[in-house]
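Thanks for making time this morning. I would like to walk you through one structure, slowly, so please have a look at it before I go on.

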There are 2 protein chains.
Amino acid sequence: METASDTVREEPLGLRERKKLRTRETIARVALELFAERGFQETTIREIAERADVAPRTVSMYFPVKEELVFTDHGVLFDELERRLESRSADETAADALRAWIVAVLADDQAELDKTRCQRQIIESDHALRTYERGLTERAEQLIAAAVATDLGLPTDDLVPRMVGAATMAALDALADDAVDEDLPPAEYRRRALELVDQAMTFIGAGIRGLQGAA
Amino acid sequence: METASDTVREEPLGLRERKKLRTRETIARVALELFAERGFQETTIREIAERADVAPRTVSMYFPVKEELVFTDHGVLFDELERRLESRSADETAADALRAWIVAVLADDQAELDKTRCQRQIIESDHALRTYERGLTERAEQLIAAAVATDLGLPTDDLVPRMVGAATMAALDALADDAVDEDLPPAEYRRRALELVDQAMTFIGAGIRGLQGAA
DNA sequence: AGCAAGTTTGCAATGCATGCAACTTTTGCT
DNA sequence: AGCAAAAGTTGCATGCATTGCAAACTTGCT
């Protein structure tokens with residue numbers, strides 16, 4: 001199967017890089033543990049630093065804002081989306097690239113799904129985190145809007161691509177809710193997720209056609 | 001024309017209430033001035049308090065989070081939307097109520113439009129404010145989603161109403177951008193705003209029908 | 001070993017947010 | 001008017017996140 005790592009050159013990491021990566025992962029892991037135990041607001045940077053055995057300053061070094069401790073992979077996931085949207089071939093629509101991205105990033109083993117569920121429970125129990133997440137999705141909306149605008153030959157700031165981006169991210173939100181509400185095995189979760197995605201794309205496609213007919 | 005005040009009983013405010021209201025408005029006004037002059041992050045609560053001639057503690061009293069100083073009316077506007085959606089008559093769809101709300105709340109005189117433009121410039125020049133705004137729109141999305149779910153006989157957490165809510169708010173976002181980008185007179189701004197809204201509703205309507213046909 | 005570059009850390013300062021208690025003003029009642 | 005309760009304002013103190021800066025420490029390389 002195609003994954004992100006297929007396209008990324010794997011440099012042999014030096015000791016320095018490996019250590020840095022390990023520190024980063026340790027901090028993120030213990031932070032998630034603590035958030036799950038006591039809640040996000042109730043956990044201080046200092047406590048995270050203590051359990052990760054680093055200085056508080058180091059935590060802030062790796063994660064300039066506290067919220068980033070929860071959304072540790074959103075950045076790379078969205079980078080990947082951007083790459084797929086921008087480097088898609090001429091016969092591939094934005095919708096195709098988007099769907100392929102979702103297929104590639106969907107949690108597919110139990111461990112990954114468990115981590116996702118843990119993150120989602122933390123996020124959904126804290127308003128600041130939900131707000132922060134909405135801020136993150138803004139970027140994805142814009143990426144999608146830009147790609148859709150290209151497909152449709154519309155200006156980037158046109159209403160239609162923006163609505164498509166927003167509706168798409170609403171679908172991904174619904175998908176995230178599913179991840180936590182249900183207690184499904186990974187395969188079943190994937191199936192339902194793709195069902196949601198296809199439903200969203202049908203909606204969007206019909207919306208676009210409806211608007212083109214009216215114009 | 002119908003406006004919010006038509007349906008709200010105007011109690012004769014006592015001195016206490018009037019004073020409170022005046023203090024609140026003074027704080028909000030000077031805060032907006034300062035934000036426009038120096039920027040949001042660059043202005044401290046203390047400076048706002050000084051110019052408003054109150055204690056810093058009082059500012060935090062009226063506006064528990066700094067961001068609220070910019071979004072002073074969003075709360076009541078969304079209250080009004082909620083009221084309109086929930087108290088609509090049987091023959092009025094969610095879309096009807098929504099459109100009526102937009103017509104009622106659109107800035108229609110120069111002074112109001114100027115204030116809106118000032119707010120929007122401040123918001124768009126600061127990332128924290130944009131994020132905060134996205135958090136606020138979550139509520140509106142949910143109100144709309146709930147009303148649309150009722151109209152369509154779907155569960156509240158169904159994908160379709162959620163996408164409709166998201167797409168609708170994307171349209172309002174685009175509308176807000178228009179308010180600042182252009183230098184239009186109020187009447188022209190209103191006209192373009194309604195054009196956008198109708199375009200959004202065409203998109204959404206077609207999307208819903210497309211999905212119903214496929215189901 | 002020893003130097004240069006890159007990391008981690010401690011320290012200090014700033015600013016937002018909040019609980020609490022003291023203080024002032026307004027209100028309602030006699 | 002006079003007074004007591006209620007409501008609003010303020011000062012004080014604390015906790016926490018975030019950031020700049022410089023010192024201390026590690027690693028990579030010669």
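How do the residues of the surface near DNA strand D divide into nonpolar, polar and charged? They divide into eight nonpolar, six polar and seven charged, where Ala, Val, Leu, Ile, Met, Phe, Trp, Tyr, Cys and Pro count as nonpolar, Asp, Glu, Lys and Arg as charged, and the others, Gly among them, as polar; near means that a heavy atom of the residue lies within 4 Å of the strand.

I should say early that this is a predicted model, in which local features need pLDDT of at least 70 and side-chain atom pairs count only at pLDDT 80 or more, while totals for chains, interfaces and linings use all residues. Residues are numbered from 1 along each chain as its sequence is written, chains are lettered from A and ligands numbered from 1 in the order in which they are written, and side-chain values use heavy atoms, with hydrogens and water left out.

Of the 21 residues around DNA strand D, those that come nearest are Lys19(A), Arg57(A), Arg16(B), Lys20(B) and Thr58(B). Sugar and phosphate make up 66% of the strand's atoms that come within 4 Å of the protein.

Turning to single atom pairs, a side-chain N or O atom of Arg16(B) is 2.8 Å from a sugar or linking oxygen of DNA strand D, whereas a backbone N or O atom of Ala55(B) lies 3.3 Å from a phosphate oxygen of that strand.

Finally, away from the DNA as a topic, Met201(B) is partly exposed, because its relative accessible area is 23% and partly exposed covers values between buried, under 20%, and exposed, over 50%, for a 1.4 Å probe and protein chains only.

Notes
Polar contact = N/O pair within 3.5 Å; in protein donor to acceptor, adjacent residues only side chain to side chain.
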